[in-house]
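Work through the exercises below with the sequence and the 3D structure open. Each task is followed by a solution in steps.

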Amino acid sequence: MKLQISKWLQNLGIACSIASLFTLFFRLSDFAWITKSVYHIPVFFVILFLLSLVIAEDVRKIFKKIFLYEKRKVKRPIWQVGIGFIFFLAQISAVMVFDTELTHPKLGGMPMFLVFAFMNAFILTVIYEEIFYRKEKTNKVGK
């Protein structure tokens, strides 16, 4: 059950990132009229999000193949970087689409939403690991 929820959360983050980034690209182009909003939610984003949910599983599997994840002896480090990147990219892309006003404040020259997204991604990765991979830790301690 935990593995299914884990995959579902990963796919949800990938789908959100894909939909948000494409919506952002269209908003910045000459085709900005496509990204009209209803109640501050771009219709294009909703359509792309639903389509991205269909391909998110395949995208996740392709990245595992590219980085030879299944052939690695120690699989954990690349998984931690991968899930952290999914959380980070989903946050950044959501801010860029839904609340662009947050991109202006700066912290030492760097936009604050990048700093907060990085901190949140780190914390979410730790929480995610504690929820979904706690059993592996207890087995290692027991040995």
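In these exercises, buried means under 20% relative accessible area, exposed means over 50%, and partly exposed lies in between, with a 1.4 Å probe and protein chains only. The model is predicted, so local features need pLDDT of at least 70 and side-chain atom pairs count only at pLDDT 80 or more, while totals for chains, interfaces and linings use all residues. Residues are numbered from 1 along each chain as its sequence is written, and side-chain values use heavy atoms, with hydrogens and water left out.

**Exercise 1. The chain as a whole**

Task: state how many helices and strands the chain has, and in which order the elements run.

Solution.
1. Helices (H or I, at least four residues) and strands (E, at least two) are taken as DSSP runs and numbered from the N terminus.
2. The count is five helices and four strands.
3. Starting at the N terminus, the order is α-β-β-α-α-β-β-α-α.
4. The chain has 143 residues, and 31% of them count as buried.
5. A contact means heavy atoms within 4.5 Å. Among contacts in the chain with a separation of 6 or more, 69% are between residues 24 or more positions apart.

**Exercise 2. The salt bridges of Glu57**

Task: find the salt bridges in the structure and describe the partners of Glu57.

Solution.
1. In general, side chains of opposite charge can pair when their charged atoms come close. The criterion for a salt bridge is a side-chain nitrogen of Lys or Arg within 4 Å of a carboxyl oxygen of Asp or Glu.
2. Searching the whole structure gives two salt bridges.
3. One of them joins Glu57 to Arg60, with 2.7 Å between the closest N and O atoms. These two residues are three apart in helix H2, so about one helical turn separates them.
4. Glu57 also pairs with Lys61, at 3.9 Å from N to O. Here the spacing is four residues in helix H2, which again means about one helical turn.
5. Through the shared partner, Glu57, Arg60 and Lys61 form one network.
6. Compare the accessibility of the three residues. Arg60 has 7% relative accessibility and therefore counts as buried. Glu57, at 21%, is partly exposed, and Lys61 is partly exposed at 44%.

**Exercise 3. The largest pocket**

Task: give the volume of the largest pocket and describe what lines it.

Solution.
1. Rolling a probe the size of a water molecule over the atoms shows where empty space is left.
2. On a 1 Å grid over the protein atoms alone, points are kept where a 1.4 Å probe fits; a pocket is an open set of them with protein on both sides within 12 Å along at least five of seven lines, and lining residues have an atom within 4 Å of a point. The volume is the space filled by probe spheres set on the points, which are joined across faces, edges and corners.
3. The largest pocket has a volume of about 660 Å³.
4. Its lining has 23 residues, and those closest to the centre are Arg60, Phe63, Gly82, Ile83 and Ile86.
5. Helix H1 (2-28), helix H2 (43-66) and helix H3 (76-98) are the elements that give two or more residues to the lining.
6. To sort the lining, count Ala, Val, Leu, Ile, Met, Phe, Trp, Tyr, Cys and Pro as nonpolar, Asp, Glu, Lys and Arg as charged, and the others, Gly among them, as polar. The result is 15 nonpolar, five polar and three charged residues.

**Exercise 4. The largest nonpolar core**

Task: which residues have the most contacts inside the largest nonpolar core, and which elements give two or more residues to this core?

Solution.
1. A nonpolar core is a set of buried Ala, Val, Leu, Ile, Met, Phe, Trp, Tyr and Cys residues joined through side-chain atoms within 4.5 Å.
2. The largest one has 17 residues, and those with the most contacts inside it are Ile14, Ala19, Phe49, Ile83, Phe87 and Tyr128.
3. H1, H2, H3 and helix H4 (112-132) each give two or more residues to this core.
4. Take Ile14 and leave aside its neighbours within four places in sequence: Ile14 is in contact with Ala56, Val59, Arg60 and Ile86.

**Exercise 5. Two residues compared**

Task: are Thr23 and Leu124 buried or partly exposed, and what does each of them touch?

Solution.
1. Thr23 lies in helix H1, and its relative accessible area of 0% makes it buried.
2. Beyond four places in sequence, Thr23 is in contact with Thr35, Pro42, Phe44, Phe45, Leu48 and Val97.
3. Leu124 belongs to helix H4 and is partly exposed, at 35% relative accessible area.
4. Not counting residues up to four places away in sequence, Leu124 touches Phe87 and Gln91.
5. The C-alpha atoms of Leu124 and Gly84 are 7.5 Å apart, with their positions 40 residues apart along the chain.
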